Amino acid sequence: MEKKLMIIALAFVLGSFSAFSQLNRTINDNGKDILYGYCTREALESNGDGWFKTEYDSYTVKTETFNFELPEKFDSVQVFMGTWESNSRREVPRFCKIFDLDYFKDIPVTFICLDSKITVDVLNVDDYYVQFLPAIVFYKKGEELCRFLEQPRTESMESDIMDLMERMQ
């Protein structure tokens, strides 16, 4: 019996290492080291040549755009991006700075880093219809509400987010 428990415990530990190794991976893509697969914001912040911090620090959130009294908001966000790609390097740090506002802090954000072929091995990108990066996808109760592609549709990401929130009311 103890032997069976030991084998089960060992299998669980080894399985945990496998799942953990799927987070914050770096691969070489066209001669460049990039983040690949699921990653944390902390991995983005420390990736490469400081692009995240530079863009994050230089961006000023347009808080006057938001109506923080709106009761309905989305409940999760997926960010498909490439750490090698200029639009992602510009828009994702800005998105993160906006989501650092207290109003958005309880909304989970999942970051999925793709290679230069817009593929990844942790999920089928075609199921999410991702063709342009970054693709920031907003969900409510598991249903996609809207997505932002490459850059804001209007004058700012804040206006686009506010437009989405007003349509949800």
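# Helix packing, a cavity and two backbone details

Asn-24 lies in the loop that runs between helix H1 (2-20) and strand E1 (25-29), and this residue has a positive phi of about 60° although it is not a glycine. The structure is a predicted model, and the points below take up its backbone, the packing of its helices and its largest cavity.

**Backbone details**

- Most residues other than glycine have a negative phi, and most peptide bonds are trans.
- Against that background, Asn-24 stands out with its positive phi of about 60°, and a further detail is the cis peptide bond that joins Leu-133 and Pro-134, for which omega is about -10°.
- Pro-134 is placed in the loop between strand E4 (109-113) and strand E5 (135-140).

**Helix H3 against helix H4**

- Two packed helices are described by the angle between their axes and the distance between the axes.
- For helix H3 (residues 51-58) and H4, the axes come within 8 Å and cross at roughly 55°.
- H3 and H4 are therefore oblique to each other, and H3 passes H4 in a right-handed crossing.
- On the H3 side the contact is made by Trp-51, Phe-52, Glu-55, Tyr-56 and Asp-57, while H4 contributes Ser-88, Arg-89, Arg-90, Val-92, Pro-93, Arg-94, Cys-96 and Lys-97.
- Sorted by type, the residues of this contact of H3 with H4 are six nonpolar, one polar and six charged.

**Helix H4 against helix H5**

- Helix H4 (residues 86-99) also packs with helix H5 (residues 157-168), at an angle of about 55° and with the axes 10 Å apart.
- H4 and H5 are therefore oblique to each other, and the crossing in which H4 passes H5 is right-handed.
- In this contact, Glu-91, Phe-95, Ile-98 and Phe-99 of H4 meet Met-157, Glu-158 and Ile-161 of H5.
- The residues of the contact of H4 with H5 divide into five nonpolar, no polar and two charged.

**The largest cavity**

- The count comes to one cavity of 30 Å³ or more, and the largest cavity has a volume of about 40 Å³.
- Its lining is formed by Glu-91, Pro-134, Ile-136, Phe-148, Leu-149, Glu-150, Gln-151, Pro-152 and Met-157, and these lining residues divide into six nonpolar, one polar and two charged.
- Several of these names have appeared above: Glu-91 and Met-157 line the cavity and also take part in the contact of H4 with H5, whereas Pro-134, another lining residue, is joined to Leu-133 by the cis peptide bond.

Key. Residues numbered from 1 in each chain as written. Predicted model: local features only at pLDDT ≥ 70, side-chain atom pairs only at ≥ 80, totals over all residues. Heavy atoms only, no water. 1 Å grid on protein atoms, 1.4 Å probe; cavity = no way out; pocket = protein on both sides within 12 Å on 5 of 7 lines; lining within 4 Å. Points joined across faces, edges and corners; volume = space filled by probe spheres on them. Nonpolar A, V, L, I, M, F, W, Y, C, P; charged D, E, K, R; others polar. Axes fitted to C-alpha atoms, helices over the stretch in contact; angles between N-to-C directions. Helix = DSSP H or I, 4+ residues; strand = E, 2+ residues; numbered from the N terminus. Parallel < 35°, antiparallel > 145°, perpendicular 65-115°, else oblique. Left-handed = near helix turned anticlockwise from the far one by under 90°. Contact = heavy atoms within 4.5 Å.
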